[in-house]
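Trainee: I have a structure with a ligand in it and I'm not sure how to read it. Could we go through it together?

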Amino acid sequence: MKVSIALLGATGTVGQKFISLIHDHDLFELKYIVASERNNGKLYKDAVAWRDESILPEYIANMTLTDVHEIDCDYAISCLPADIANVWEPMLADKGIHIISNASSFRDHKDVPLVIPEINRDHFQLVNRQSSSGKIITNPNCATVFLALALFPLIQLSPIEHLDVVTLQGISGAGYPGVSAYDLLGNTIPNIGGEEDKLEKEALKIFGDQLNGTTIHSHVNRVPVLQGHSIVLHVLFKNEVQVESVEQVFSEFNTKYGGLYKIHEDPFHPQPLRDLNPRDQRAHIGRIKQGGSANRIGLVSMGHNLVRGAAGAALLNLEYFHKYMCSK
Ligand code: NAP
């Protein structure tokens, strides 16, 4: 028998991507879909402006959007704006529903796990400190995740003293309608409100002691790319680290974690438009080079902000957290 779940923010950019990933899942099935109050009672197909590149499954098109208070199942995936998540997520957790959240509302709360399962799923145990019967679990910001996946093998090589991070973030990262075409077409906007703070704090929370003493300095940019965030990362290690050992550790981690990375040798890749697929959970790594001294390395980490940066990250957390709960 499948496990029933609810999807909050089902009509949004992340909600649509989540539907495209979950509709054929062999363990979980969508029982409730929820959007804003104005859409309660409508058929999904009448409320949504479907923009995902997948075809909207017929049975979901004909599901009715439910009032949030009618949800009664074990898990809810939250793709809500943060101000709504602030209220709805604790309200549902108090009813005993576990929340897997894309929103930033509780990511920095000390009792709320901020999880990339391959890296820190041991943090799930933080939920034992939450007083509600339903628990809140979060996935990182859509840029943090590609920074963290790049750091994951690198921290094996040497302690890291300092990280310089520059992001080039696609339009879909701002939801719909997001940044106006008038502002962004043919342009780059050298800031995204609150994003640098999230990137720096979230990376430190995910890695804990492993980044103890590491300083992070970031500059974020919104660029006219539809899907995909690229992270240019310069790492200052405490010890000498050569390009060859970086290539080797990525290759080892790729084998160990079942294709977590796509390593690009072509110096003109990774490119969001050419290299991402619609269900892409990988971090694409390329342009690995020595950074002017024996303890500096530069590289590019790129990935799908709506998949590994949001809906796909939530799906992985749902799968792993469900296993964690079943094992208790
Ligand atoms: P979006 O495209 O703007 O979608 C927002 C969703 O929330 C829609 O389903 C909308 O329903 C619903 N909603 C809006 N106002 C509401 C209200 N007052 N009450 C209840 N529901 C309401 O946003 P998104 O890009 O999918 O982002 C969703 C969340 O994920 C945000 O917290 C965002 O920061 C986070 N996130 C996004 C990305 C990304 O790459 N886009 C990545 C990581 C995390 P209606 O259609 O009925 O208005």
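Mentor: Let us begin with a term we will need, since a polar contact here means a pair of N or O atoms within 3.5 Å. Please also keep in mind that this is a predicted model.

Trainee: Okay, so which backbone atoms come up against oxygen atoms of the ligand?

Mentor: A polar backbone atom of G175 is 3.5 Å from an oxygen atom of the ligand, and a backbone N or O atom of L80 lies 2.6 Å from a ligand oxygen atom.

Trainee: And which residue brings a polar side-chain atom to an oxygen atom of the ligand?

Mentor: That is R38, whose polar side-chain atom lies 3.1 Å from an oxygen atom of the ligand. As for cover, the protein takes up 79% of the 900 Å² of accessible area that the ligand has on its own.

Trainee: How many residues surround the ligand, and which are the closest?

Mentor: There are 28 residues around the ligand, and the closest are T11, T13, S36, N39 and L80. When the residues of this shell are sorted by type, 14 are nonpolar, 12 are polar and 2 are charged.

Trainee: Which helices supply at least two residues of the shell?

Mentor: Each of α1 (13–22), α4 (82–94) and α11 (307–326) supplies at least two residues of the shell around the ligand, and α4 gives the largest share, with 3 residues.

Trainee: What about domains, where does the shell draw its residues from?

Mentor: At least three residues come from domain 1 (3–140 + 310–327), and at least three from domain 2 (142–305). The space that the ligand takes is, moreover, the largest pocket.

Trainee: Changing topic, which peptide bonds are cis?

Mentor: I can point you to two, and one of them is the bond from Y176 to P177, with omega near 0°. P177 sits in the loop between β6 (160–169) and α7 (181–184). The bond from H269 to P270 is also cis, with omega near 10°, and P270 is in the loop between β9 (261–263) and α10 (272–275).

Trainee: Why should I pay attention to a cis bond?

Mentor: It stands out because most peptide bonds are trans, and in a similar way most residues other than glycine have a negative phi.

Trainee: Then which residue other than glycine has a positive phi?

Mentor: R287 is one to look at, as its phi is near 55°, a positive value in a residue other than glycine. You will find R287 in strand β10, which covers residues 283–290.

Terms used:
Residues numbered from 1 in each chain as written. Predicted model: local features only at pLDDT ≥ 70, side-chain atom pairs only at ≥ 80, totals over all residues. Heavy atoms only, no water. Near = heavy atom within 4 Å. Polar contact = N/O pair within 3.5 Å; in protein donor to acceptor, adjacent residues only side chain to side chain. Areas by Shrake-Rupley, 256 points an atom, 1.4 Å probe, with all protein chains shown as cover. 1 Å grid on protein atoms, 1.4 Å probe; cavity = no way out; pocket = protein on both sides within 12 Å on 5 of 7 lines; lining within 4 Å. Sits in = over half its atoms within 2 Å of the grid points. Helix = DSSP H or I, 4+ residues; strand = E, 2+ residues; numbered from the N terminus. Nonpolar A, V, L, I, M, F, W, Y, C, P; charged D, E, K, R; others polar. Domains from an automatic or database assignment.
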